[in-house]
Amino acid sequence: MSTTITDNTFIDILNFIRSTFNKPQGFIPLHAPYFGGNEKKYVLDTIESTFVSSVGAYVNKFEEMMQDITGAKFAIATTNGTVALHLGLIVVGVKPGDLVITQPLTFAATANAIKHAGADPVFIDVDKDTMGLSPAAVAAWLKENCFTTEAGTFYKTTNQRIGACVPMHTFGFPLRIMDLATICKQYHIPLVEDAAESLGSYVGEQHTGTFGDIGIFSFNGNKTITSGGGGAIVANSEQLGKLAKHLSTTAKMPHAYEFKHDMIGYNYRMPNLNAALACAQLEQLDNMLENKRELAEKYKLFFSGRNKEQFVTEAPGTTANYWLNTIIFNSPQEQQDFLQYSNVNQVMTRPIWQLMNKLPMYQHCVSGLLPNASWLEERVVNIPSSYRP
Ligand SMILES: *Cc1c(COP(=O)(O)O)cnc(C)c1O
């Protein structure tokens, strides 16, 4: 601890955060949920009606709201974002033994869901500015390492099929998804967007999660809005949307009283209890996003007057939800020193994730060169980003 730098530069940042959150003392979390609307009313409603489980009006309402918000033709409520991704991969046809292209700089759930589908991740570098999967790096890797036939694209070394590509919009900052969608089309690779962190983030006027075949969202307690635990799959294709819904509800065929199942299904449907919370939260989404944007503007102004850290802002032509505000330090040492200093002083900050290709279970996986992901891993820090009432 004695090595921690406590010079003015860190003190200034912490003072700024404390004044912004109106909290001169005590713990400031990274991201706390905020319940300012109909949460209690709707949750009580499910208990009083006895419809607390996976059948109920709130589940359907939640799906309609998600269709409205994202503009997707189909939205399917799931128990969490990880299973939404698992199911998304299955419905686009990922099979055991396939390879799935993704980024090493992501939350573990992205790579885990690929393994749950029986496939192996291939880690390709991110763009430094978006922190999301780099279309240029994907194109270069495919060109060098794969061949394409009518049946799809295959990895030359092992003849494994590339079953899907899973980019992730890091902290709600949209990646270059249009370029990536073009490349995936060209190579006949299904595109499954991990939009778990990007509810309320757009490229132009189009919501993230709707550029590929499937998009998924998470409503975990730490996300922009929460259902306690929950997720959603969105799709524009009727075939994929209906299949996802069918598989998520144990593949039970509609019948008044008989049990008839025609596929190996999953019990992935969001319970009504959670959907009630989700509906109340979605009603406040615009207000939440506006509030978070105001906070980001304050941070942007503060950090623009400094040269030791760079505050990450949305790329031109995109709208970020500013789920987690992000700063980039000049050096790994400064990142480490600040993480220690801020956390010791009860202002919660976190580094970006350790790269997936370094984790014991993913070390053996195929990787491209990862200079940008490695650079960001050693410099990025998230700072407090909660809704401010
Ligand atoms: C939160 C998150 C998930 C998984 O969501 P859960 O609802 O926690 O299962 C997946 N991918 C990313 C990038 C996430 O941040």
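**Reasoning from values to terms in a predicted model**

Colleague: Why does H207 count as buried?

Modeller: The relative accessibility of H207 is 1%. Buried means under 20%, so H207 at 1% meets the condition. Please bear in mind that this is a predicted model.

Colleague: Where does H207 lie, and which residues is H207 in contact with, leaving aside its neighbours within four places in sequence?

Modeller: H207 belongs to strand β9, residues 206–207. With those neighbours left aside, its contacts are I69, T70, S198, L199, G200, S201, Y202 and F217. One of these residues, G200, appears again in a further detail: its backbone nitrogen is reached by the side chain of H207 at 2.8 Å.

Colleague: What makes the approach of the side chain of H207 to the backbone nitrogen of G200 a polar contact?

Modeller: The distance is 2.8 Å. The limit for a polar contact is 3.5 Å, and therefore the value of 2.8 Å falls within the limit. By contrast, the C-alpha atoms of H207 and S331 are separated by 34 Å, the two residues being 124 apart along the chain.

Colleague: How do you know whether E377 is buried or exposed?

Modeller: E377 has a relative accessibility of 12%. Since the cut-off for buried is under 20%, E377 is placed in the buried class. This residue is in helix α12, which covers residues 371–377.

Colleague: Which residue has a side chain joined to that of E377 by a polar contact, and what makes the contact qualify?

Modeller: The partner is K358, and the two side chains are joined at 2.7 Å. A polar contact requires a distance within 3.5 Å, so 2.7 Å satisfies that requirement. K358 also appears among the residues in contact with E377 beyond four places in sequence, together with L105, Q335, I352, W353, Q354 and L355.

Colleague: Why is P24 called exposed?

Modeller: P24 has a relative accessibility of 68%. Exposed means over 50%, and therefore P24 belongs to that class. P24 sits in the loop between α1 (8–20) and α2 (39–49). Its C-alpha atom is separated by 9.8 Å from that of L14, 10 residues away along the chain.

Colleague: What makes T50 exposed but T250 partly exposed?

Modeller: T50 has a relative accessible area of 62%, which is over 50%, so T50 is exposed. T250 has 32%, which lies between 20% and 50%, so T250 is partly exposed. T50 lies in the loop between α2 and α3 (57–70), whereas T250 is in the loop between α8 (238–248) and α9 (272–283).

Colleague: What is phi for T50 and for T250?

Modeller: Phi of T50 is near 70 degrees, a positive value, and phi of T250 is positive at about 55 degrees. Neither T50 nor T250 is a glycine. Most residues other than glycine have a negative phi.

Colleague: How do you know that β4 and β5 are paired strands?

Modeller: Pairing needs at least two bridges. Four bridges join β4 (residues 146–149) to β5 (residues 152–155), so the condition is met. These two strands run antiparallel, and a hairpin of two residues joins β4 to β5. In this pairing C146 stands opposite Y155 of β5.

Colleague: Why are β12 and β15 said to stand at the edges?

Modeller: The open sheet has four strands in the order β12-β14-β16-β15, with antiparallel pairing. β12 (309–311) and β15 (350–351) each have a single partner strand, so one side of each is left without a neighbour in the sheet. β15 is joined to β16 (residues 380–383) by two bridges, and therefore the rule of at least two bridges is satisfied. There R350 stands opposite N382 of β16.

Colleague: How many cavities of 30 Å³ or more are there, and what lines the largest cavity?

Modeller: The count is two. The largest cavity has a volume of about 40 Å³. Its lining consists of A196, E197, S198, L199, S218, K223, T224 and I225, which divide into three nonpolar, three polar and two charged residues.

Colleague: What lines the second largest cavity?

Modeller: The lining is made up of H31, A32, Y34, T224, M288, K292, S386 and Y387. Four of these residues are nonpolar, three polar and one charged. The volume of the second largest cavity is about 30 Å³.

Technical notes:
Residues numbered from 1 in each chain as written. Predicted model: local features only at pLDDT ≥ 70, side-chain atom pairs only at ≥ 80, totals over all residues. Heavy atoms only, no water. Buried < 20%, exposed > 50% of the residue type's maximum accessible area, 1.4 Å probe, protein only. Polar contact = N/O pair within 3.5 Å; in protein donor to acceptor, adjacent residues only side chain to side chain. Contact = heavy atoms within 4.5 Å. 1 Å grid on protein atoms, 1.4 Å probe; cavity = no way out; pocket = protein on both sides within 12 Å on 5 of 7 lines; lining within 4 Å. Points joined across faces, edges and corners; volume = space filled by probe spheres on them. Nonpolar A, V, L, I, M, F, W, Y, C, P; charged D, E, K, R; others polar.
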